[in-house]
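The exercises below work through the strands and helices of one model, each with a solution in steps. Please keep the sequence and the structure in view while reading them.

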Amino acid sequence: MPRTVLITGASSGIGLESAIWIARRGFRVVGTVRSEEKARAVQRIAAQARARVETVLLDVTDATEGARVIDDLEPYGLVNNAGYPAAGALEDVDDDEARLALETMVVAPMRLARLALRHMRARGEGRIVTPFGGWYQAAKHALEGVTDALHVEVAGAGVHVVLVQPGGVQTRLWEGLGHQAERLRGSSFDAAYERYVALLRWMQPYMQQPASVAAVVGRAMTAFLPRARYLVGCDAQLLLLAERFVPTVVRDRVTRLVLGL
């Protein structure tokens with residue numbers, strides 16, 4: 001039987017491209033989606049790409065359903081891709097939305113990993129791959145931290161935990177950020193939101209395609225000895241260098257100038 005790989009947020013973008021890439025390599029791929037309509041779209045696109053991708057309805061914030069899916073599939077591999085477009089200055093985002101962002105992008109991925117690890121430990125092998133304003137960044141930094149910790153904790157069980165860090169990618173997530181900025185209209189940060197959305201629209205043609213990130217996710221899933229961390233794109237490399245060598249006060253000043261803060 002082929003090894004099973006579960007990919008969350010597989011209806012579009014990096015998740016869908018990763019599902020197709022990995023399925024073509026002989027894995028049984030199951031992608032989570034939020035509706036029957038999206039399930040049909042995934043299967044249609046996968047068939048056009050000559051790949052077989054199964055789907056399962058799952059909201060990753062639903063702990064009970066997540067446990068059921070993991071125990072049904074007993075996956076060899078888990079790709080935590082599902083995201084939430086949390087946009088807005090901290091004072092414009094209420095607690096419920098902040099919790100939903102953190103639940104979707106931090107708690108749920110680690111919960112699914114914890115559930116899958118029971119089966120991975122029993123087999124003595126497995127892979128967990130995590131492709132990475134305001135609460136969105138907070139969630140991703142938190143996910144980076146717990147992923148690094150998990151990498152150390154489960155290495156002795158033969159399970160490889162990999163963090164994939166892409167730069168800008170042309171995905172539907174940016175559409176969600178634009179809609180949220182519109183919803184927050186009337187805030188004291190209106191001008192900053194408009195500049196941010198305009199900047200994203202200007203940058204999108206220069207962002208990399210989801211397929212390039214999916215190929216790295218796929219290699220992380222299939223490599224004999226995967227690295228703990230992969231950077232994807234020149235902008236990801238530049239951001240890392242900036243974090244290491246550019247003083248915080250300079251980076252903050254540039255951000256404020258760009259957003260008009």
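**Exercise 1. Locate the residue of strand 2 that stands opposite Val5, and place the pair in its sheet.**

Val5 stands opposite Val29 in strand 2. The model is a predicted one, in which local features need pLDDT of at least 70 and side-chain atom pairs count only at pLDDT 80 or more, while totals for chains, interfaces and linings use all residues. Residues are numbered from 1 along each chain as its sequence is written, and side-chain values use heavy atoms, with hydrogens and water left out.

Strand 1 and strand 2 pair in the parallel sense over 4 bridges, where pairing requires that DSSP finds at least two bridges between two strands. Strands (E, at least two residues) and helices (H or I, at least four) are DSSP runs numbered from the N terminus. The open sheet consists of 7 strands in the order 3-2-1-4-5-6-7, with parallel pairing. Strand 3 (53-57) and strand 7 (229-232) each have a single partner strand and stand at the edges, so one side of each is left without a neighbour in the sheet. On average, and with direction ignored, neighbouring strands of this sheet are turned by 20 degrees against each other.

**Exercise 2. Determine how strand 5 is paired and whether its residues are buried or exposed.**

Begin with strand 4 (residues 77-79), which pairs with strand 5 in the parallel sense over 3 bridges; here the bridge partner of Val79 is Val129. Strand 5 (residues 126-131) is also joined by 6 bridges to strand 6 (residues 159-166), again running parallel, and in strand 6 the partner of Val129 is Val162.

Turning to burial (under 20% relative accessible area, with exposed over 50% and partly exposed in between, for a 1.4 Å probe and protein chains only), 6 of the 6 residues of strand 5 are buried. Gly126, Ile128 and Thr130 point one way, Arg127, Val129 and Pro131 the other way, and all are buried.

**Exercise 3. Explain why Thr147 counts as buried, and list its contacts.**

Thr147 is found in helix 5 (residues 135-154). Its relative accessibility is 2%, which is why Thr147 counts as buried. With neighbours within four places in sequence left aside, Thr147 is in contact (heavy atoms within 4.5 Å) with Met110, Thr130, Val161, Val162 and Leu163.

**Exercise 4. Describe how helix 3 meets helix 4 and the sheet.**

The axes of helix 3 (residues 63-73) and helix 4 (residues 95-123) come within 10 Å and cross at roughly 30 degrees, axes being lines fitted to C-alpha atoms, for helices over the stretch in contact, with angles from 0 to 180 degrees between N-to-C directions. That makes helix 3 roughly parallel to helix 4, a term for angles under 35 degrees.

On the side of helix 3 the contact is made by Ala63, Gly66, Ala67, Ile70 and Asp71, and on the side of helix 4 by Arg111, Leu112, Leu115, Ala116, Arg118 and His119.

Helix 3 also lies across strand 1 (4-7), strand 2 and strand 3, running at about 160 degrees to strand 1. Helix 2 (residues 36-48), for its part, lies across strand 2 (28-33) and strand 3, at about 170 degrees to strand 3.

Definitions and conventions. Parallel < 35°, antiparallel > 145°, perpendicular 65-115°, else oblique.
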